Structure formats: structure tokens, C-alpha cells
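User: I should like to learn how salt bridges and internal cavities are read from a model. Could you guide me through a case?

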Amino acid sequence: MLLGVVYPLAITGICQIAFPHRANGSLIEKNGVVIGSELIGQNFTKAEYFQPRPSAAGSDGYDATASGGSNLGPTNQKLADRIKASIDKFHKDNPSYTGPIPADLLTTSASGLDPHISPASAEAQTDRVAQARGVSADQIRQLVKEHTEGPDLGVLGESRVNVLKVNLALDERFPKK
């Protein structure tokens, strides 16, 4: 009773009081409708949006009920084929980008649901997003800069951009014409 009921209820109650947004999944609402979570990646395919990392969660990716990596090793031909397909798709979608493609745009995360991309990945997509929105690339860069999160506690992890949050900001500041 103590460990199976009382303790979980006490911890849930404390979290609901101290951290209600996080305890309820860090959900993002727009006009009273839940449109996603800050913690779960979503697929964006339109040119006017930043696109996330590839996902191996589920048959079509981004399936939270099938979270997990592909478990394909570096010598696995399926992995090589998937990365080649990602490279080809990136070049097709971003023809003006000539630099090296950031690794996080080609590889899946361990969960397959990472909601973030690196600032380099956002930069690689900036020209496409700007062109699709009819604004300058510098305006998009500024928006990305505003939505770049630093390392946790200033030292843990790397800088990152939450794809859902930056795409919502794009819709607010630069609605597609």
C-alpha cells in the first residue's frame, strides 16, 4: 500500500503543485487546442517549416507508442540506404545549401522522438524556409536565434532549437502568404 499507492500519489501531487506544466507533459496549446508537446518530436514536411530529425519510431516515424531507435549498426546496409535517402531528400528540399549536412538531419535519435535540432541544422534549412515564407533569410535567422536554447544549467548538453516552438513562431511572425 505504501509503495504502490501512497508514494506514487504523493509524488504526483507534489509534481502537480510544483511543476504543473512539466507534470502534464509540457503540452503546447493554441486557441485552447493541444497541438503538441515540447518533449515529443513531430514530423513537418512543408517547405515553410523547419523539419526535424528523421525518426525510427513506428513504421512512418514519430509514433510515440513505438518510441525507440532503429538499432541498425554502422555496417548495416539498411542504415546506409536510409542515410543516403535522407541526403538525397535534403538536397532536393534545400538546393541552395552547399555546406556539409549536419549529422542530426541524417540520423535518428535514440527515442526516435527528439523534438530538437541543432542550430546548424536550422541554418541549413533557413534559405528554404525564408523563400517559402517570402521573407529574408536574416529574418529567419533572427527568429531561430531567439528560439535557440542553451545547454541545460549552462554546461549540460548542446545548444538546440525546438522544432515545434520555432515553427509556431514562424506562423505567428511570418504567416505564409
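The dialogue below takes up salt bridges and then the cavity of this predicted model.

User: How many salt bridges does the model hold?

Analyst: The general idea is to look for a side-chain nitrogen of Lys or Arg within 4 Å of a carboxyl oxygen of Asp or Glu. Applied here, that rule yields eleven salt bridges.

User: Which residue forms a salt bridge with D88, and where do the two partners lie?

Analyst: The partner of D88 is K84, and their closest N and O atoms are 3.1 Å apart. Both residues belong to helix 3, which spans residues 77-93. They are four residues apart, about one turn of that helix.

User: Are D88 and K84 buried or exposed?

Analyst: Accessibility is read against two limits, with buried meaning under 20% relative accessible area and exposed meaning over 50%. D88 has a value of 41% and is therefore partly exposed. K84, at 49%, is likewise partly exposed.

User: What is found for D93 and K89?

Analyst: Their side chains also meet in a salt bridge, with an N to O distance of 2.5 Å. D93 and K89 both lie in helix 3, four residues apart, which is about one helical turn. As for accessibility, D93 is partly exposed at 21%, and K89 is partly exposed at 43%.

User: Which residue pairs with D138, and how many residues separate the two in their helix?

Analyst: D138 forms a salt bridge with R141, and the closest N and O atoms are 3.1 Å apart. The two are three residues apart in helix 5 (residues 137-146), so about one helical turn separates them. D138 counts as exposed because its relative accessibility is 57%, whereas R141 is partly exposed at 30%. Through salt bridges that share partners, D138 and R141 are joined with E123 and D127 into one network.

User: Turning to the interior, how many cavities of 30 Å³ or more are counted?

Analyst: In general, a cavity is a set of points where a 1.4 Å probe fits but cannot get out. In this model the count is one cavity of 30 Å³ or more. The largest cavity holds about 30 Å³ of space.

User: Which residues line the largest cavity, and of what classes are they?

Analyst: The lining consists of I40, G41, Q42, F44, P52, P115, V163 and L164. By class, six of the lining residues are nonpolar and two are polar, with no charged residues.

Note on methods:
Residues are numbered from 1 along each chain as its sequence is written. This is a predicted model: local features need pLDDT of at least 70, side-chain atom pairs count only at pLDDT 80 or more; totals for chains, interfaces and linings use all residues. Side-chain values use heavy atoms; hydrogens and water are left out. On a 1 Å grid over the protein atoms alone, a cavity is a set of points where a 1.4 Å probe fits but cannot get out, and a pocket is an open set with protein on both sides within 12 Å along at least five of seven lines; lining residues have an atom within 4 Å of a point. Grid points are joined across faces, edges and corners, and a volume is the space filled by probe spheres set on the points. Ala, Val, Leu, Ile, Met, Phe, Trp, Tyr, Cys and Pro count as nonpolar, Asp, Glu, Lys and Arg as charged, and the others, Gly among them, as polar. Buried means under 20% relative accessible area, exposed over 50%, partly exposed in between (1.4 Å probe, protein chains only).
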